[in-house]
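Q: I should like a close look at a single part of this model, set out as one connected account. Please proceed step by step, and treat the ligand surroundings as well.

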Amino acid sequence: MKTTLKRQLLVRFVAVILTTGVVSCVIGTVLINKWTMGQAEDRVGNSLNAAREVINHRLENIESTVRFASSTALVRDALPDKDRSRVRGYLEDLRKKGGLDTLDLADEKGTVLLRSSNPGVAGDIALNDETVQKALSSRATASSIEVVPYGLIRKEGETLASQCAIHRDGPAKEEQSGATPVMVLMSASPVFQKNGIMIGVVYGGEVLNRNNEIVDRIRDILYRNEKYRGKDLGVATIFLNNVRIATNSRNEDGTRAIGTTLSKEVFEKVLRRGGRWVGKAQVVHDWYIMSYEPIRNVHNDIVGFLSVGMLERMFADMRKETLTIFFGITLLGVVLSIFIASLLSDTIVKPIDSLVQASHRISQGDFSVIVTPRSKNEIGELEATFNLMASSLEARNLEIKRLTERHMARSEKLASIGRLAAGIAHEINNPLTSVLTFSSLLLRKADESQREKLDIIVKETTRCGEIVRELLNFARQSEPKKEACNINKIIVSALSLTKNQLKVSDSRINTAVELQELPPSMADRDQLLEVFINMVINALDAMPQGGDLTTKTRLLEDGKTIEITVSDTGQGIPEEDLEKIFEPFFTTKEAGKGTGLGLAVSYGIIEAHKGSIDVKSEVGKGTTFIITLPVE
Ligand SMILES: Nc1ncnc2c1ncn2[C@@H]1O[C@H](COP(=O)(O)OP(=O)(O)OP(=O)(O)O)[C@@H](O)[C@H]1O
Ligand SMILES: [Mg+2]
């Protein structure tokens, strides 16, 4: 029983634990995946904001240089008199200090007057430059990101042009020169005379093609040039359409991946979305979590993208590590839970087991078992109750044993005395009959002098005969002649037969009779009458000063037993006599009054009726005889 119960408990515990473990693993994996991906996207998204700030900052820098130049008297004065020699050095100086690639001067119609980086080329129209156009038409400073043809940059000098030339692979060469257009951060600021008449425009810019400085600056701000497993942790790239024009992503040979193109799929996704896009993308060879944001020109058209990314492997490793720790903890939890479950089932099974063993011992008659209660819960209560049950069983068992022993001893004693008495009575009966017959004959013929003595002989012999008859009655223990009779009626008869006795005694006796209706029972009417009469006479004898005689009958709860009680308020029976009163010839009555056979005979009769007879008595208070008889 122990093993199966324990196994059953364990199997259920383990099933619950494993289910919980598996569910938490599944949920944990989903959550951790979501969390690391969210972390990555958040981080990369925030990086994009910082990158945008770097570019805006550069544009502001250009704008303030251009705005400053347009407000100086030197520039204002230089415009009308067409003498540029004085202002040329000044603008070149300003350009270099501001870190600009170009800083030019044009008149109010947009005709280029001076290119500080390439003074030799002038007189063309700067109006194909959109920012200049906007500044002149709005009469205010304008800044924007622009894409200009490569040819226009060449006018700013061959050095700059060769610096930013990007030759794309493949057949699509967009310019005669073979280089892609150029993306520029541009700012233009109109020049006004003191009277408010606009007389020209100062414009300048910074080329983004091959502008490694700006992308490296973005990367350094974001990722401090960190490496992860030998790879750059972060990358920053500026695209013109789908071409990388400035980047710190590397080709296999270690050179910057300038001129390479964005995968068609991502390009279309970002273009279609028109806003920010975050996702996984392969940069040259490695996977990165990338985020892209469109770059728009002055007309709000998308001309390229700004993009930053972080090596995906770092997040993958982070996720792997988190998952490993999580699975480790879950596994540890499962193992620990199973261990605890095993202990727990032990604490449940062990007390039950010891109760089972104790029950086995009790069933084999060993009542001395005691189980030690281990806890204060229901099982502990059960163990305590079990102990209580065991000890009361033991007490009951002892009591039954004692009663049986007493009963057996009494029966044996009565039987042996009975045999002895019967033998003697039988032997005495015949001579006694002769003595009585002859003494009666003699009495009839005797004269006055002998008559008195012979009378005594006849009386005493008659008395002897009665005793012998009673003895024989007791010894014969004749089988009762059973017939259906009403116990209540027999009791009433016994009481009426003893009425004379009642009247004879001069003391006052109160008789009370409480008879419950009883079913008829099979009994020997005469024998029971003898029993009840003896009981009433005994009670009366016990109350020489008067008292109460109460007779009751009732049907016990089991419905199968009739109980008859005869109580008196007489002198009672001393403790030491209680055992002896059922013995033949035990009497406390004066000679000639009692033979001591009444109760002995009654005992035999009741036993033959399969009933019981018991007595309760207290000296000075009274005695109660309790007879039970089965309803048959
Ligand atoms: N109701 C009683 N109150 C006190 N003692 C009793 C009562 N009934 C019986 N006894 C005691 O038990 C003894 C035995 O009673 P039992 O009926 O066997 O014999 P007896 O009455 O003495 O003589 P017998 O009944 O043969 O005439 C009595 O002598 C008496 O001492
Ligand atoms: Mg008697």
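Which residue in strand 17 does Leu555 stand opposite? Please describe the strands around this pair, and then the shell around ligand 1.

A: The model is a predicted one. In strand 17, the residue opposite Leu555 is Ile562. Strand 17 covers residues 561–568 and runs antiparallel to strand 16, to which 7 bridges join it. These two strands form a hairpin with 5 residues between them. Within this hairpin, Gly559 adopts a positive phi near 75°.

Strand 16, residues 547–555, also pairs with strand 14, residues 509–515. Here the sense is parallel, and the pairing extends over 7 bridges. One residue pair may serve to locate it: Thr511 has Leu549 of strand 16 as its bridge partner. Strand 16 is thus paired in the parallel sense with strand 14 and in the antiparallel sense with strand 17.

The account now turns to the ligand. Ligand 1 occupies the largest pocket. Helix 14 (525–542), helix 16 (598–608) and strand 19 (622–630) are the elements that each supply two or more residues to its shell. Helix 14 provides the largest share, with 4 residues. The shell as a whole divides into 8 nonpolar, 10 polar and 2 charged residues. Among the 20 residues around ligand 1, those that come nearest are Thr587, Thr588, Lys589, Thr595 and Leu599.

Two of these residues approach ligand oxygen through their side chains. An N or O atom in the side chain of Thr588 lies 2.2 Å from an oxygen atom of the ligand. For the side chain of Lys589, the corresponding distance from an N or O atom to a ligand oxygen atom is 2.5 Å. Gly598 contributes through its backbone, a polar atom of which is 3.3 Å from an oxygen atom of ligand 1. Taken alone, the ligand exposes 590 Å², and the protein buries 92% of this area.

Note on methods:
Residues are numbered from 1 along each chain as its sequence is written. Chains are lettered from A and ligands numbered from 1 in the order in which they are written. This is a predicted model: local features need pLDDT of at least 70, side-chain atom pairs count only at pLDDT 80 or more; totals for chains, interfaces and linings use all residues. Side-chain values use heavy atoms; hydrogens and water are left out. A residue is near a molecule or strand if one of its heavy atoms lies within 4 Å of it. A polar contact is a pair of N or O atoms within 3.5 Å; within protein, one must be able to donate a hydrogen and the other to accept it, and residues adjacent in sequence count only if both atoms are side-chain atoms. Accessible areas come from the Shrake-Rupley method with a 1.4 Å probe; for residues, only the protein chains shown count as cover. On a 1 Å grid over the protein atoms alone, a cavity is a set of points where a 1.4 Å probe fits but cannot get out, and a pocket is an open set with protein on both sides within 12 Å along at least five of seven lines; lining residues have an atom within 4 Å of a point. A molecule sits in a cavity or pocket if more than half of its atoms lie within 2 Å of its grid points. Ala, Val, Leu, Ile, Met, Phe, Trp, Tyr, Cys and Pro count as nonpolar, Asp, Glu, Lys and Arg as charged, and the others, Gly among them, as polar. Two strands pair if DSSP finds at least two bridges between them.
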